[in-house]
Amino acid sequence: MSMPSLLQQPGMIGPLRMKNRLVMAPMGTNFSTSDGLSTERDRAYYEERAKGGVAAIVTEAMAVSAGGRAHTNSLWLYHDRFIPGLARLVEAIKRHDCLTIGQLNHRGGLLRRMVLNTEPVGPSPWHNPNTGDAVRPLDKAEIVGIQKDFVAAARRLWQAGYDAVELHAANGYLFQQFLTSRINRRGDEYGGSLENRARLLLETVHRLRDALPDFPLWVRISCTEYCEDGYPIEEMVELARMLEAAGVTALDLSGGTNESPALSRFCIQPPSMPRRTLEPHARPITEAVGIPTIIAGRIVTPEDAEAVLASGAADYVSLGRALTADAHWPRKAFGESATPIRLCISCNVCFERLTLERDVACVTNPMLGTELEAPEFAEPPLAPAARRQRILVLGAGVGGMEVARLAAARSHEVEVWEKAARPGGQIHLAVAAPDKEEVRPLWTWRWDQAIAAGVRVRCGVDATAAMIHAFAPDHVVIATGARPRPYTLPGAAPLQAWDVIADPSLVPEGAGVAVIGGGIVGLEVAEMLTLRGCRIAVLEALTAIAPAMARNNRTDMMIRLRAADVAFHIGARADRLEGGTLHFTEGGTSHRIDGITHVIAAVGALPNREPLPAVEATGLPHTLVGDANQPGDYLSVLRDAWMVGLALGLRPDAAAPQENAA
């Protein structure tokens, strides 16, 4: 794209000079120690994004109270012992002309007893919708104690060298729980009117201004809760004016609440939601205040960010998942790097892993989290291999092209053979499902990079041992993907879900359909057929639907499927199809569904190792990659392919310790 005109404009947020209009949004990593200390791993992660060119980084939410830990490996800030590690983190970020803002949070009623046995607390008796844990209302003394915790934590940020502090009053946490009357039922001065419901936040702001008058203060709020009984935009406009009057330096505008997957999907949006989704909710707030505003909300490309600023919805753009996918998004947007941006595909695996208490990961960026271990591979040009080799890759899907891209970038000679008439493998199925077009860059980025690096791709090639031997590769990579697992059912001729996704006309409009398998593929084929007016029942043998899918995306899809009257049966096994009636067992009891004309199998995949005997016959070194090794998701495929691509050409003794000389 041509050089953006608005994104590159410098600006001021209070006393802070912003070199451009891009801010890194706070997103958890779980890279800290189990006792909340900053590590070399999170420092390298943040420093890489500072190198990438953002004007400011808002580091992940830090818990301000000893009883308020968010995750088992999230940052904590309730004691002075956390200052030295954070000071080193700030130093790493500031080496690259990047400001550092520390976000402080108390999760309140969304604290989980499963994480360090933390007790959920909030404005009123409630239950954490995610866990069912009872929420205990805070008394006034405890409220004051939490306010003082915020002030003490902010002082520690100041001592660590942070440029500003941000209060997290969005996304369903303690401040928002007090702000919303659907949760706050208090009868004292902290409940009732907006002025009372905002008292916890405003008192905290005043305490901070009194204690640290020159320390810039940002506040993050959710413009809307995206639910019928949530607070109206008029209240958020009034709150914004209150915060400005109280001395807040900037407003960081988000949306939604993480109190349940149904509402969390508006915070961490799936691909079905429009880009720039917060614009209409943010604009009234931006227009009502004189202080700068920052906006988040599925801003994927530079064009998205430029359009946000041009619309007047906000003064700055907040990038979260976009910078998880590509730390150098700003530099590339500004034309400072010839490498295209690796776009976020909104799969939400990053957020899901945090919810599962794992470290953050990114499907499209398998390098994420390894910045400390392999800085020479963070961004092209990559370090050349110790030994240049001739590499043959069998399979031109996402995994095969990732191996080819990396191998070619490391100076290997690479050729890819694909048996099908066109490259891409399963990506053609992935993008065919509803709302999945955003997945396409997962493929196109790798394809473009491999071709630009000189990789030769031949399609329609059925590799034989003689052909492979004649090519004389030093190493063969088998990346031939997977094939659908066979499935039989008495009385039926089941179709494979992959075939139906590729050609939905295989099932007539209005047909009665039983989908066997309630994983991701089963849900996708079911949704495709709802668009053809089919009546659908999904049978899943396990006790959960699509457990491998990120819950925000799964919830979003399930809402649509239930609205289309798709029936779900868990712990269910089909027995037979007889005269248009499907007989099955569910929970040990026999059931039947009438009017079934088509059965579709979505029961998983098996490795496709068709070329393996031919490769083995050559005696050449070879490696199975991705689904050909073990069927999984795109995260496992790309991590596997990335490691193999980097390992090719290593010295034979690279992993072996040197023996002591005699």
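Here are some exercises with worked solutions on this predicted model.

**Exercise 1. The N-terminal annotated domain**

Find which residues the UniProt annotation "domain: NADH:flavin oxidoreductase/NADH oxidase N-terminal" covers, and describe the chain there.

*Solution.* Start with the record: the UniProt annotation, from an unreviewed entry, covers residues 9-333. Next, take the secondary structure over residues 9-333, which is 35% helix and 17% strand. Finally, look at the two ends of this stretch: their C-alpha atoms are 13 Å apart.

**Exercise 2. Tracing a barrel**

Work out which strands form the closed barrel and how they pair.

*Solution.* Follow the strands in the order β3-β4-β5-β9-β10-β11-β12-β13, and you have gone round a closed barrel of eight strands with parallel pairing. Neighbouring strands of this sheet are turned against each other by 30 degrees on average, direction ignored. Now zoom in on one pair: β5 (residues 99-105) and β9 (residues 164-169) are parallel and share four bridges. Within this pair, I101 has A164 of β9 as its bridge partner. To finish, add a helix: α9 (residues 279-288) lies across β10 (217-222), β11 (250-254) and β12 (293-295). Its direction makes an angle of about 160 degrees with β11.

**Exercise 3. A helix and its cover**

Determine how far helix α6 reaches, which of its residues are buried, and what covers them.

*Solution.* Helix α6 (residues 199-211) has 13 residues. From its first C-alpha to its last it reaches 18 Å, close to the 18 Å expected at 1.5 Å a residue. Its buried residues are L200, L201, L202, T204, V205, L208 and R209. To read such a list, recall that an α-helix has 3.6 residues a turn, so residues three or four places apart point the same way. The cover over the buried residues of α6 includes the helices α3 (140-160), α4 (174-179), α5 (194-197) and α7 (233-245), along with the strands β9 and β10.

**Exercise 4. One threonine**

Decide whether T324 is buried or exposed, and list its contacts beyond the neighbours within four places in sequence.

*Solution.* First place the residue: T324 sits in helix α11 (residues 321-325). Its relative accessible area is 2%, under the 20% cut-off, so T324 is buried. Leaving aside neighbours within four places in sequence, T324 touches M27, Y45, R49, C362, N365 and L368.

**Exercise 5. Checking the cysteines**

Count the disulfides, and explain why C347 and C350 are not bonded.

*Solution.* The structure holds zero disulfides. Take C98 as one case: the nearest cysteine sulfur, that of C362, is 19 Å away. C98 also counts as buried, at 4% relative accessibility. For C347, the closest cysteine sulfur is in C350, at 6.4 Å; a disulfide needs the sulfurs within 2.5 Å, so this pair is too far for a bond. C347 is partly exposed, with a relative accessible area of 24%.

**Exercise 6. Strand β17 and its partners**

Describe how the side chains of β17 point and which strands it joins.

*Solution.* In β17 (residues 475-478), H475 and V477 point one way, while V476 and I478 point the other way. All of these are buried. Strand β14 (residues 390-394) runs parallel to β17 and is joined to it by four bridges, with V393 opposite V477. Strand β28 (residues 622-624) is also parallel to β17, through three bridges, and here I478 stands opposite L624.

Technical notes: Residues numbered from 1 in each chain as written. Predicted model: local features only at pLDDT ≥ 70, side-chain atom pairs only at ≥ 80, totals over all residues. Heavy atoms only, no water. Buried < 20%, exposed > 50% of the residue type's maximum accessible area, 1.4 Å probe, protein only. Pairing = 2+ DSSP bridges. Axes fitted to C-alpha atoms, helices over the stretch in contact; angles between N-to-C directions. Contact = heavy atoms within 4.5 Å. Expected span 1.5 Å × (residues − 1). UniProt positions renumbered as here; feature names shortened; annotations may be inferred.
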